[in-house]
Amino acid sequence: MAAFLKAAPFLLLLFPLLFVSALAQFDTVGGNYGTGSNPLDNTLKEILADPSTGTNDAGKRDATDTNPAVPVETNLPGITFEAGPEVVDESNKRDFKTNYGGMWKLVVQNSFVSAMHMILMPNNKMIIFDASAFHISQIKLPGGKCFPFTTDQGAVLQDCWAHGVEYDIASGNLRPLTMSSDPWCSSGGLDINGRVVNTGGWKDGTRAVRYIGTCENCDWKEYPTALARPRWYATQITMPDGGFFLVGGRRSFSVEFVPAEGASNARAIKMPFLDETTDLDENNLYPFVHLSTDGNVFIFANSRSVLFDPKAHTILHEYPILDGGSRNYPASGMSALLPLKLCLDNAEKIPAEVIVCGGARPEAYRAAEKGNFMPALQDCARLEITKPNAVWKKEMMPSPRVMGDMLILPTGDLLLINGATSGTSAWNFAEGPNFTPLLYTPEKPAGARFRALAPTTIPRMYHSSSAVLPDGTILVAGSNTNSGYLFVNVKYPTELRVEKFWPPYLDPALTEFRPAFNLNGLETKLGYGKDWSILFHLNVREGVDPDNDIRVTMYPPPFTTHGYSMNQRLLVLAIKGLEATGPRIYKVTVATPPSAIIAPPGYYLAFVVYRGVPSVGVWVTIQ
């Protein structure tokens, strides 16, 4: 791979000539992106565009409806229905049973850049970006801008291509973004103001911190020497004070806090654990890092994990080894913090449990280098990190998976999506695309938690990404197993198509049971440990049980890259009361999270969930 990097800049000089005529239409962004492109459905555009209507559902009010406080029934994107009479539902079970395996739809034919990194902003714009190392994409920088770069042979050339875009999930429009330093294999998250804060990368980007806000024409602002150590393949999480904590990176056996904007760190904090977990092929990059409910930080690298005190800069505890193989890049398993269930009587003592799935044998990278693609790992393991003497508890997935994404859904289920069945991360180091997503229900007994869903037809392997959208669908993009933008004469071409996936809770048969926020008077600026009352529409007349049927959840959109969604957590709020306030209108009162340790300050998507069917999410802030 290193040898190819030296030659790649020279070889890729020919790419602009290949695309010059086809790409002329991409110098300005907007309009139709070719056959198969499909911006977000009009119904969701209405939901997101006009919150002043007092409802987040699409469609028209019934002319006979004389109660202005009653929202209309929600039409899901792509699904039209007529709501019947109010339903009597006295089953008192948390989830509806459905055999619906989901649905796939192509929504963008050409994203212009490969979606190596992805994060949703609170203005409903998705920031998508790639590396700039190859000096090519399919969309030019705005205003005729170019950046000089020097090849390994010493030639000074111009890079006039954008390596990131802003994707409007309501209109489908794409806008090119400008990054002067290379964000290849970087990390990121949303700050308390809703800006993306992106750290690290390659070459001139290894110590950079970049910011992009939510204004109409915002672009990246970069500080190239902000970090003390190079951060290539590092992990970033949000801390209780709203700041960011960085862990690891290639040959950076240390941690550090992201400095204030414009400042620079003089030194990092050494962490020998990161050196100890590096093997011949590393297998400890992009470590899995989760803020625990006690304020300490869980760090998993390769097959080992520790609890780290971010104030004293010491390791408090080392957990048992997770046997079976390696789990971090390039072995590239998946991990998430399981949903945190908040209670009224013990809100300050909340158990935290981590799950790790898939990965590869430690020797799989070296084997793939020789053309031998070893089967990926097929196991999952859970560990209650707040429990003394906890041990890993294993179960098996229906299929092996490496380089997959693991997303927490608004319902508290997990979605395992993308990846391959053999090999490891790296260019052309994997085979057997895993087309079939899995639904994982943590609350079910072991052996009954996995369910295979409808498969896609597009391979999504190395450098693919995914994200939960406010309407509950999943945006899926990327996959580039090539060292450049290659579309012909390769087994797995660079993938620029973008899909959406409808999970089982969007079964058309369940549409009439979908709750909808009433936005009139809804408080969206929350504090800690407060009562929060939510009015919502539900087409059910009676038999709604607050203990079994209703959930209110909060989800901070994560930064996803290389199979890991940084800063991902789902909070299940404690319900204090539920009452019917009018025809098809209910008021649920919940307790907001007790502290910034449980819910770091910033932006969240809030959902009302009725028996496993979530509402469209509403943006809220907490601090």
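1. Salt bridges. In this predicted model, the count of salt bridges comes to 26. Three of these pairs and one network are taken up in the points that follow.

2. Lys125 and Glu166. These two side chains meet in a salt bridge, with an N to O distance of 3.7 Å. Lys125 belongs to strand S4 (residues 125-129) and Glu166 to strand S7 (residues 164-168), so the contact ties together parts that are 41 residues apart in sequence. Lys125 counts as buried at 15% relative accessibility, because the cut-off for buried is under 20%. Glu166 is also buried, with a relative accessible area of 5%.

3. Glu276 and Arg304. A salt bridge joins the side chains of Glu276 and Arg304 at 3.2 Å, N to O. Here a helix is tied to a strand: Glu276 lies in helix H4 (residues 272-276) and Arg304 in strand S19 (residues 304-309), so the linked parts are 28 residues apart in sequence. Glu276 has a relative accessibility of 49% and counts as partly exposed, because exposed requires over 50%.

4. Glu431 and Lys491. The closest N and O atoms of this salt bridge are 3.0 Å apart. The pair links distant parts of the chain, 60 residues apart: Glu431 sits in strand S29 (residues 430-433), while Lys491 sits in the loop between strand S33 (474-478) and strand S34 (498-502). Lys491 is exposed, its relative accessible area being 60%.

5. A shared network. Asp191, Arg195, Lys221 and Glu261 are joined into one network by salt bridges that share partners. Asp191 appears again below, in the lining of the largest cavity.

6. Largest pocket. The volume of the largest pocket is about 500 Å³. Its lining is made up of 22 residues, and those closest to the pocket centre are Asp95, Phe96, Asp413, Thr441 and Lys444. By class, the lining has 10 charged, 8 nonpolar and 4 polar residues.

7. Cavities in the whole structure. How many cavities of 30 Å³ or more does a search of the whole structure find? The search finds 7. The largest cavity has a volume of about 100 Å³, and the second largest holds about 70 Å³ of space.

8. Largest cavity. The lining consists of Leu190, Asp191, Thr238, Pro556, Pro557, Asn567, Pro600, Pro601, Gly602, Tyr603 and Tyr604. Strand S45 (residues 602-610) gives the largest share of this lining, 3 residues. Divided by class, the lining of the largest cavity has 7 nonpolar, 3 polar and 1 charged residues. The charged residue is Asp191, because Asp, Glu, Lys and Arg are the residues that count as charged.

9. Second largest cavity. Ile237, Thr238, Val289, His290, Leu291, Leu337, Tyr564, Asn567, Gln568 and Arg569 line this cavity. Two or more lining residues come from each of strand S13 (235-238) and strand S17 (288-291). The largest share, 3 residues, is given by S17. The class counts for the second largest cavity are 5 nonpolar, 4 polar and 1 charged.

10. Residues in both linings. Which residues of the second largest cavity also line the largest one? Thr238 and Asn567 are found in both linings.

Note on methods:
Residues are numbered from 1 along each chain as its sequence is written. This is a predicted model: local features need pLDDT of at least 70, side-chain atom pairs count only at pLDDT 80 or more; totals for chains, interfaces and linings use all residues. Side-chain values use heavy atoms; hydrogens and water are left out. On a 1 Å grid over the protein atoms alone, a cavity is a set of points where a 1.4 Å probe fits but cannot get out, and a pocket is an open set with protein on both sides within 12 Å along at least five of seven lines; lining residues have an atom within 4 Å of a point. Grid points are joined across faces, edges and corners, and a volume is the space filled by probe spheres set on the points. Helices (H or I, at least four residues) and strands (E, at least two) are DSSP runs, numbered from the N terminus. A salt bridge is a side-chain nitrogen of Lys or Arg within 4 Å of a carboxyl oxygen of Asp or Glu. Buried means under 20% relative accessible area, exposed over 50%, partly exposed in between (1.4 Å probe, protein chains only).
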